[in-house]
Amino acid sequence: MAFGDGPADPLLRDAWHAFCERLKQAGDLAFKQANPADPLMRADALRFLTQNLGQAFPLALETKDPAFPQIPYFTHPTMKLGGDVSDFTYRQAWISGEHTYRITGRKGTARWFNLTVQGPKPDRIPGTDWPPLHEPFGDSPEANILGHQIVAAADGSFELILGGPPRDHNWLPLTPGSRKLFIREAFDAWGETPTHLSIERIGMDAPPPLPTPERMAQAFEWAGDFAYGLMRDWPEHAWMTSGGVCDPDQPNVFPDGKAANTADDARRGRMAANMVWKLAPDEALIVEMDWHDGFWLFGMGCVFGQSMDFLHRPVSYSPARTHVGADGVVRLVIAHDDPGVANWLDTQGMPQGNLGYRNLMSQNPAAFRTRLVPRAEVLAHLPADTAMVTPDQRRAEMLRRHRAIKLRFGL
């Protein structure tokens, strides 16, 4: 048997070739203007693409049928996407307002947990002429529930229903446009445990159908658009549509007075700000913020928005893991090598990236201050009581990080 013997052969081969061509076009975008020509950064851009190829077809095909939903992680230590924050985990399930779903789980000890039902994806971001972000993003939140709002048994187990008749608790409504369940969990102290979750459609009584040639062709198209879209949209889409939250033309400063705090952000339960940083080999950047209540996180990202190596490197900080000065100021030092400062943010040797800030459980805006200083003089620009660590202490902290991150993802 050979090509042409089957009636669906031309459809399948043409769809596969179109996917491969789309993937080739996506790879070419690793060399676009927004990505500096530094060899590490060029390689990292292609790594961003190859990491996400691992989930292109799970998203496009294996978990796409809302009648048979699953809740996979779509970011983890070796797969980054969507401006992910190092101390978050992100999961999603394709759903439909045509069905009713049962989620069973057991609460972990992570400080923050949120489930959001996402609705239709508009042709344009509301109030703008900009198209939305690539799939699976760009849809609008319809309803959400926070972890503390979920009623659970003494052992933390719970059942949550999506859709169907209203319930007094542990229920989220669905609409005809509901299409996705978006799940985020944020961790503070090392050792916090994740929430275990499983989803099923109520009334499921038969296995899913096998993919037809037509369905495979659709999956090839979706996966190709996904791969091309992530390389096309990051980071420029965020720069253009964030309302000034991140300004690449003003590196090393957080845009003055800017923080994402729209109605959609409120429904997501967050405030956000981002800064593009650029460092020469002999420079360091000091970032200051007055301590404030709430649950805030800082995380380092690469040019395409993906988080840096949070499994092995000190690229994120949260209240439980941050040393605060006697004057009530949080000071972080971005540097290419370890300055011995406890709150060091590792650049991974890259000359450019971004620093993201998230504030959960509070509406207190942060005021940021930054100072670009010679790397050799960084300690002279810090208070005398700045917390320091020895190389042995840094290695011990890295091991605590490594074990805690693996615990979050079950690795």
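I looked up Asp-84 first and found that this residue is buried (under 20% relative accessible area with a 1.4 Å probe, protein chains only), yet has no salt bridge, a term I keep for a side-chain nitrogen of Lys or Arg within 4 Å of a carboxyl oxygen of Asp or Glu. The nearest side chain of opposite charge, Lys-80, is 5.2 Å away; Lys and Arg count as positive, Asp and Glu as negative, with His and the chain ends not counted.

I note that this is a predicted model, in which local features need pLDDT of at least 70 and side-chain atom pairs pLDDT 80 or more, while totals for chains, interfaces and linings use all residues. Residues are numbered from 1 along each chain as its sequence is written, and side-chain values use heavy atoms, without hydrogens and water.

I then placed Asp-84 in the loop between α2 (39-62) and β1 (88-94), helices being DSSP runs of H or I with at least four residues and strands runs of E with at least two, numbered from the N terminus. Its side chain makes a polar contact of 2.5 Å with that of Ser-307, where the term means N or O atoms within 3.5 Å, one able to donate a hydrogen and the other to accept it, and residues adjacent in sequence count only if both atoms are side-chain atoms.

Turning to the strands, I found β11 (residues 295-301) and β15 (residues 352-360) running antiparallel and joined by 7 bridges; pairing requires at least two DSSP bridges. Met-300 has Leu-355 in β15 as its bridge partner.

Conventions: Buried < 20%, exposed > 50% of the residue type's maximum accessible area, 1.4 Å probe, protein only.
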